[in-house]
Amino acid sequence: DDLTAKVLVEINNNIFYRSGDVVQYDQQSFLYFKGRKDHQVKLRGQRIELAEIEKCLMNTSSLVSACTVIKWNEQHLVAYVQCIDVNEELLLQQCRSNLPSYMVPSKFILLERFPLNPNGKLDRKYLPQPEFSSLTTDHNASVPSTTLEQQLQDIFSQAFHIESPPIEVPFGQLGGTSLNAILALTLIRQQICTNADILLLFSNPSIRQLAKAIEPLLIVNESQNTIITSKQYNETHIRSLPSPLIESVGIILLICQWVLPIIIIINQCQPFLFLILPIFHLVLYIFCSRLFSFKNNKPDNIFSWNYYRWWFLDRLWNNNRFWLQHIIGTPLYNNYLRLCGADVSLDAHIYSTSMDAPWLLDIDDGSWIAGQTVFNCLHFNNDNNTFQLYPIRIGSNCSIGARTILYDGANIENNVIVQPMSSVNGFVASQTIIDGDDDKSSSTNTFMTYNNRSLSIWHKIFQVIALCSLICVHCILLIIIYKVYSIVQVPLPIIIAFCWTLWSILGCFISISLLKFIVGSCTAGEIYPIGSWSYLHKLWLRQLVVSSFHHAWLLLNSYDHIYPIVLRWLGAHIEDNVKISEIDTFLSYPTNLLHFKTGVTTFGSVLLVPTELTLSGDHCVDHITLGSYTNLGNGCSILPGSHLASETIIGNLTRVSRETNSNTGDIFIGAPASVMPFKMPLRLTTTTSAGQMKIIPTWHTCFSHFISKSLLLTIYSLTGIVGMLSIHTILICISYRYRSHIRYPILQQIISRLRQDHQQFICPFLGNTQWLIILFRALGAHIGEGIVIPNFSCLSDYHLITIENDVRLNMHANIQCHSFEQRVLQLDSVTIKSSCILMSGSKLLDSIFWHALFRTYRDKLIAGGLIRLAHDLAQLSGPMILKLVLNFFADSSKPIWLGIFYAILLSTCIFCQIVLLRSYFQCQFLVGLRFRSAITGLIYRKSLKLSNSSKQETTTGEIVNLMAIDASRFGEIMTQMHILWSAILYSYKYMVSMLF
């Protein structure tokens, strides 16, 4: 209390701390620093008491009679020692043993007598000036002994601006600062070892120490590269290669099964035959699945005959997904899956078509599966260059949220709830709720029963009537278009393009009219049981209308200014300057429950989940409120009840729900969303035109759509199918290569439409083939050999992508080289190393990093284990010694010296436990801290490579969430290691305690 009172002072009823700085206070209330009240100095960010260094030097030897320490040129500490026959090395060792590294003087000057003033006090003005140029000659170990030390010496010379720095001297004593250390670390990573981190540099500050620490990392790198090289060399001759002949024949068959029926219908001049087209395609897939599908769960080589059998069926299914969107959620879809070979109950509710092997599905009664759920049965194994198909089973009365990924033989028992954007593989027990990576059990009575989830016969009749009514609407559209086609006498490509544009315009008007007057609005907080009329009317019918007219909305561009107008007409509360990339997801949500404030921006693949799953298996709708200037990143999902504050940024692949609490400027990443420890800079009140997205007039949009379709159909009619495919592809490649030279907006829109048509009508036939790889290379991507890419949409910004050999991408994997923050486009390159497998939601780290960490900290880990073993043995011996003490007191015939011996032995055992436990935790804490720092540094470096934050400090991306996830998992692993470390000894100790 006395010491506290001395350093605190009260001024105007406020308590202040006496820092010890001497300042001058002028009449204008300015403070001028004059110095220190004591001899404390600040060097390289550290406050140093010079008296402590002087005290340490005085304790070196009795031959030291006086000493003083001064700060020299803001970079060094210089110690002047008055002594007789004292070696400078002895003083240096004394300081290193008793002082922190930053308090060790850089220079020792030995004097027989200090200069004194007339009063007999030290005269600092006459102390000899230090010569730091002689540091190199003062140390014998200044010549590097290895090539690695020579490289490090050159780097230290460049970073710390010292010619030939000593080998044994820490860089802190050479005048190095933290900025110099960062520069040295950057040079080490560039020239010697990419795995070096800042903790390694500060733990080994001298060149020799750093060389010894880096050497194990280099050995591991070299051995790993040797193993990989030899493995690739040994396996090159047994790797199967893709077959261009089989792929070409398969693509021709896929094109013919689509084009030939259309040509026949056009020649017959019967537009009503278009209604038979989806039936033909769906029946053809049933026939092919019965012919080519296989259910044996055995590995087979990639690019084998079985692989191409699966590939052909996958392309057929992918091309039929538009037709299937009209029957999802109905018994018709369940029956169709059964005809394809799946074991699906007729009372299941399936709203997803994203599956690569439908015949391997097993779904029981009453299960509800949301849209965009991924059934990933295909599994690649790059170790032996094989693939394997795993069945996926879902029990009864399960609820699977939107964008859930089921892969690697997921086996879900009954009554399981999976929240949106979760990944599931392996076995999942009954009564479980899966939320991201977390599983928790639930009570049985919270789940719906089978009967309450089944649709009655009247519900099924309603679905059939709705489908028939929608078909009639499309027939009326076809009649109108056909009348226009038969009246207008213009060239065929132009009239077809005009009818195409007219159908898109009419389709947009009809779809929003159906949503407005037939489907209607919803009430916030209302709950819809699956087997109810309200669910079919408000939710299922809305999804049916939106999916049926999806291609009509392709008429408009992304961020079209008509999107907010349409949503306002449907009842949404949308303010000015709102930019929406895709309108489909907003139409699928009850629009009257949307509240968007000024400046909201939503980017590609944003999903507004229409309903929220309740614990009873029902569906709840609620408001979604987005504050002003909120940004929704690519692939994020927003659940009902979400409320986001102003200036909030939602990262890619992030799930936001009503439990997400946001404040102004927060950044959320992950599923479920987690707030990041940093914020974006607040938006300036004055915005420039550069930050605003361009508004394209509606007539420009329709005109570019008409011109692009006319050009496309003209090419088709003049060159035939083969020539059309070639010319269209060449035109797309040339336009992308020279996109920077295209200046006119209308020409940019026409080319963009041609790319969209190419991606929609040609690229689906090329998926998972080498022809798609050739197309990517023509667009500028750097892609190696043996690559498997499922769809054209998996890559974007092709000129920035580098993919090495034998990389496999599963369905819905995506490589993206751009990001948006506050409506600003940012680009950065992405590199995928060889033999990687990219699955939906997968995260990969190099195993070499763990070997290097173990090699670096092996001695400390072994020492910690031996200390813990000794502590456990002492702890195990305690009860046994205590039993001997109790027996001594019970038996009066035993000698007294034996009791004293037992007491001393018990005290020694307890003392050893305390000392060993303290040593163990100290050792493990240091190692754990370094492990955590190294892991966090590795993940952060990977995030810098995969995002653009190396150039823009405020850039966000979903990869940053890896830091929080891996830190949490590492903490869990360390906890389990502590538990399992001494499990056998603990069990034996408890058995002994019970016996005693």
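Helices (H or I, at least four residues) and strands (E, at least two) are taken as DSSP runs and numbered from the N terminus. The model is a predicted one, in which local features need pLDDT of at least 70 and side-chain atom pairs count only at pLDDT 80 or more, whereas totals for chains, interfaces and linings use all residues. Residues are numbered from 1 along each chain as its sequence is written, and side-chain values use heavy atoms, with hydrogens and water left out.

On this basis the protein holds 27 helices and 50 strands. Buried residues, defined as those under 20% relative accessible area (exposed being over 50% and partly exposed in between, with a 1.4 Å probe and protein chains only), make up 49% of the 996 residues. Of the contacts (heavy atoms within 4.5 Å) with a separation of 6 or more, 56% are accounted for by residues 24 or more positions apart.

In soluble globular proteins, nonpolar side chains tend to be buried together. A nonpolar core is here a set of buried Ala, Val, Leu, Ile, Met, Phe, Trp, Tyr and Cys residues joined through side-chain atoms within 4.5 Å. The largest such core has 164 residues, of which Phe776, Ile789 and Ile803 touch the most other members. When residues up to four places away in sequence are not counted, Phe776 touches Ala781, Ile783, Ile789, Asn791, Phe792, Leu795 and Tyr798. Apart from the largest core lies another, of 25 residues, which includes Phe160, Ile192, Ile207 and Leu217. Asp797 is placed in the loop between β44 (782-783) and β45 (801-803), and its relative accessible area of 17% makes it buried. Beyond its neighbours within four places in sequence, Asp797 is in contact with Tyr736, Cys817, His818 and Leu827.

A pair of aromatic rings is described by the distance of the centres and the angle of the planes. Rings of Phe, Tyr and Trp (its six-membered ring) are paired if their centres lie within 6.5 Å, with planes under 30 degrees apart counted as stacked, over 60 as edge-to-face and the rest as tilted. The structure holds 23 aromatic pairs. One of these joins Tyr307 and Trp310 in a tilted arrangement, at 5.7 Å centre to centre and with 40° between the planes. Both residues belong to helix α11 (residues 305-319), where they are three residues apart, about one turn of the helix, and both Tyr307 and Trp310 are buried. Tyr307 also pairs with Phe387, edge-to-face, at 5.5 Å centre to centre and with 75° between the planes. Because Tyr307 lies in helix α11 and Phe387 in strand β18 (residues 386-389), this pair ties together parts that are 80 residues apart in sequence; Phe387, like Tyr307, is buried. One aromatic cluster is formed by Phe292, Phe303, Tyr307, Tyr308, Trp310, Trp311, Phe312 and Phe387.

Rings also occur beneath charged groups, a charge being counted as over a ring if NZ of Lys or CZ of Arg is within 6 Å of the ring centre and within 35 degrees of the ring normal. The charged end of Lys516 sits over the ring of Trp569, 5.4 Å from its centre, and that of Lys709 sits over the ring of Trp500, 5.1 Å from its centre.

In helix α13 (residues 331-339), the buried residues are Pro331, Tyr333, Asn334, Tyr336 and Leu337, and just after α13 a positive phi of about 110° is taken by Gly341. Tyr333 is among the residues touched by Thr353, together with Trp317, Arg321, Leu324, Gln325 and Ile328, when residues up to four places away in sequence are not counted. Thr353 has its place in the loop between β12 (349-350) and β13 (354-355) and counts as buried because its relative accessibility is 2%.

Most residues other than glycine have a negative phi, and most peptide bonds are trans. Asn397, in the loop between β19 (392-394) and β20 (399-400), nevertheless has a positive phi, near 55°, and counts as buried at 10% relative accessibility. Asn577 likewise has a positive phi, of about 60°, and is found in the loop between β29 (573-574) and β30 (579-580); at 26% relative accessibility, Asn577 counts as partly exposed.
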